[in-house]
Amino acid sequence: MNRNDITEKIITVKVSKGITWESVARKVGLSKEWTTAACLGQMTLDEKQAKVVGKIFGLTAEEQKWLQVVPYKGSLPTPVPTDPLIYRWYEIVSVYGTTIKELIHEEFGDGIMSAIDFSMDIQRQPDPKGDRVNVVLSGKFLPYKTY
């Protein structure tokens with residue numbers, strides 16, 4: 001048994017029981033974005049959170065322990081994603097990455113946007129021409145230091 005096995009079990013139970021990530025997040029007490037990432041094996045849950053997720057998905061005590069292990073982050077199977085939705089994010093970074101970098105550096109200076117001190121919010125935005133996906137990414141700016 002490994003973390004990937006637990007992720008597959010969570011997904012299987014989610015589908016078979018019609019569970020939504022939002023309902024899981026409400027029970028865990030965290031955002032749907034972070035909770036989903038944790039259930040998909042990209043974040044570490046504490047013991048209390050793992051018990052809640054374990055109850056929802058019928059995980060054994062041993063399986064819950066896997067939710068508390070720091071994962072190997074990065075879940076894409078190939079360097080260039082093949083899933084169409086994920087590929088569009090790759091395309092966004094390919095096309096707009098240099099613009100994002102340039103504008104962050106102009107505003108903040110030399111540094112990076114943290115993906116550790118980070119939050120994300122995904123919402124449906126109604127639009128008469130077709131609903132839009134509104135994604136807000138917020139990461140702490142970390143300047144490079146001199147030494």
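This report describes the largest nonpolar core of a predicted model and the helix α4 that contributes to it.

Local features are taken where pLDDT is at least 70 and side-chain atom pairs where it is 80 or more, whereas totals for chains, interfaces and linings use all residues. Residues are numbered from 1 along each chain as its sequence is written, and side-chain values use heavy atoms, without hydrogens and water.

The largest nonpolar core (buried Ala, Val, Leu, Ile, Met, Phe, Trp, Tyr and Cys residues joined through side-chain atoms within 4.5 Å) has 16 residues, and among those with the most contacts inside it are Ile10, Val53 and Leu67. At least two residues of this core come from each of the helices tabulated here (DSSP runs of H or I, at least four residues, numbered from the N terminus).

| Helix | Residues |
|---|---|
| α1 | 3-17 |
| α2 | 21-28 |
| α3 | 32-39 |
| α4 | 47-57 |

The most is given to this core by α4, with four residues. Within α4, Gln49, Ala50, Val53, Gly54, Ile56 and Phe57 are buried (under 20% relative accessible area with a 1.4 Å probe, protein chains only; exposed is over 50%, partly exposed in between). These residues lie on the same side of α4, because they cover an arc of only 160 degrees around the axis, the arc being that of the directions from the helix axis to the C-beta atoms. On the other side of α4, Lys48 and Lys55 are exposed. The buried residues of α4 pack against α1, α2, α3 and α5 (61-66).

Just after α4, Gly58 takes a positive phi of about 65 degrees.

Notes: Contact = heavy atoms within 4.5 Å.
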